[in-house]
Amino acid sequence: MQNLKKLIAMMLMLASVFFISCNDDDDKDDEGTNPLTVAEAQQEFTQLGAEMSGMITDMEEVQGVDVLMMISELPDPFSALNKSTANTNVINNIKKYVLPNTIFSKEKGNLEEVGFDFEYYKGIYTYYHTPIPRWEWVDDADKIEINFPSDETNMTNNDAKMTISSYSEVMITEYDDYGEYYDYVPNDIEASLELNSIEILSLDMSATWITSGDAASEPTALDVDVFLLPFDFHVDFTHASTTVDVNAWIKYDAATIFSVGLDAVFASTDMDNPPLTIGGYIQLFDVRFDADVNLAAFMLIIEGMDSENPVYTSPELLETAINGTFDASVSVNGAEAADIIIDIITFTPAEGEFPIDVLFVYNDGTSESAIPYFEGFVAQVIEFFGGMEDFYL
C-alpha cells in the first residue's frame, strides 16, 4: 500500500506545517464566539498536552482489543470446513481494520489461492479445548457466528461471540521477482464482537481496489467505521486522478478527541512526488489547527537556500517569502486563538542554514514562541498512530 503510507505521512506533514504559516488569516470565528484573550489561549494550549497524555494507553487497554487478540491467536475457525492446510485471512483482516494504527499496515496475511466464500462458510462455529483443541461447525445460520473463550486461563468458557454478517473479497494480480501471482483483499466487512452478550466491538468496512498493474492492492476508496467500547473510529479516503481526500476521527464516550480532514493535489496520479498543495485541519479535543499550504512554492524556497546565489538575501525577505506560502491559524471551540508565523532569528545565506522560531500571534498583537507548548505535539500524533512511523517514514 505505497500510496496509503504516503497519505499518513502527509497527515504528519500537515501537523508540522502548522508551525510555519502566514499571519493574514481571515476571521475564523465560525461559531460567533469572541476571540480568546492571550491568557485563555495559553491555558488551552497548556491543557491540550495534559488531555492527550494517557489517552493512547487507554486505547490500547480497552477490553475489545484483548478479546480480538484472543480469537486471532486461536486456530483458524474455518479449518472446520477448510480441508486444506492454508488458513483464511478473515480474522486477521477484521483485526486489521478494527485498530486505527494497523489500517495502513504493510503486514500481509496468508496468500490465498481461492477467495473466501461467505455463503459456503455461513454457520455456527464453537470452540472446544478438550480433549484436543478443535472447532465444530453447525449449518444453522444466515451469517457466521463464532463462539470462543475470551480468557486463556479459562479455555472451556465460551463467553465471547464474533458475528460476521457480511464479508467479501476481490482478486488482485501482483508481481514480484518470480512473476505474476494472485491474492485477495477484502472489499466489504460487517462484523461485531460480544462478551457475555454485551457488544464491545463492531466493524463496517468497504473499499474499492486497483486490482492489477503496478498499483495493485491500492485502494481508490476506503470507508471504515469502528466501535470499540468506549471508542468510535472513522476513516474515509478517496483517490481520484491527482486529488486525494482523507478524513478521520476518534471519539471517546461520544466526545471527539481527534479529527483530521485533509486534501492534497499531486502532479501525477502515482503520487511519487510530494503534493503541490496540501490543506485541511487537525483537531485535538477543543483545539483545532487549520492550514492551506502551497508546498511546491515552499520547497522551491528551501531548495533555493542551498544555491550559491540565493534569491533571498535577508531574514525579512525570506520570512515574507516563506510565510506567503502558508495560511494557518489555531482556534478553540470555534473562537480564534492565534495566527502562527515563522520568525527567522539568524540568517547565513551562503551556508543555506538558518535557525527559526515559530510564533503564536495573539489577537491583541502580542506574540510568543509556540515551540514550548507544542514540542511534544508531533511526537504525540505519531504515537497516536502506533508503529506506523516505521512504515511510512
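How many of the 393 residues of the protein count as buried? The share is 48%. Keep in mind while browsing that this is a predicted model, so every value here is computed from predicted coordinates.

Let's start with the overall picture. The protein has 11 helices and 16 strands. If you take the contacts between residues at least 6 apart in sequence, 53% of them join residues at least 24 apart. On the outside, about 18700 Å² is exposed, and carbon and sulfur atoms supply 48% of that area.

Now for the charged side chains. Searching the whole structure turns up 3 salt bridges, and we can walk through them along the chain.

The pair to look at to begin with is lysine 122 and glutamate 119, whose side chains meet in a salt bridge with an N to O distance of 3.0 Å. How do the two partners sit with respect to the surface, buried or exposed? Lysine 122 has 17% relative accessibility, and it counts as buried because the cut-off for that label is under 20%. Glutamate 119 has a relative accessible area of 54%, and it is exposed because that label applies over 50%. So this salt bridge links a buried lysine 122 to an exposed glutamate 119.

Move along to glutamate 136 and arginine 134, and you'll find another salt bridge, this one at 3.3 Å from N to O. Here glutamate 136 comes out at 36% relative accessibility, which makes it partly exposed. Arginine 134 is partly exposed too, at 28%.

The remaining pair is arginine 288 with aspartate 290, where the closest N and O atoms are 2.9 Å apart. What are the relative accessible areas of these two? Arginine 288 has 29% and is partly exposed, while aspartate 290 has 14% and is buried. In this bridge, then, the acidic partner, aspartate 290, is the buried one, whereas in the bridge between lysine 122 and glutamate 119 the buried label goes to lysine 122.

Some acidic residues gather on the surface instead. Glu190, Asp204, Asp223 and Asp225 form a negative surface patch. Which strand holds aspartate 225? The answer is β7, which covers residues 219-228. Aspartate 225 has 30% relative accessibility, and it counts as partly exposed because it falls between the 20% and 50% cut-offs. To see the patch in your viewer, pick out Asp225 in strand β7 and then add the other members, Glu190, Asp204 and Asp223.

How values were computed
Residues are numbered from 1 along each chain as its sequence is written. This is a predicted model: local features need pLDDT of at least 70, side-chain atom pairs count only at pLDDT 80 or more; totals for chains, interfaces and linings use all residues. Side-chain values use heavy atoms; hydrogens and water are left out. A salt bridge is a side-chain nitrogen of Lys or Arg within 4 Å of a carboxyl oxygen of Asp or Glu. Buried means under 20% relative accessible area, exposed over 50%, partly exposed in between (1.4 Å probe, protein chains only). Patches are made of residues with over 30% relative accessible area and no salt bridge: like charges are joined within 9 Å, nonpolar side chains (Val, Leu, Ile, Met, Phe, Trp, Tyr) within 5 Å. Accessible areas come from the Shrake-Rupley method with a 1.4 Å probe; for residues, only the protein chains shown count as cover. Lys and Arg count as positive and Asp and Glu as negative; His and the chain ends are not counted. The place of a charge is taken as NZ of Lys, CZ of Arg, CG of Asp or CD of Glu. Helices (H or I, at least four residues) and strands (E, at least two) are DSSP runs, numbered from the N terminus. Contact means heavy atoms within 4.5 Å.
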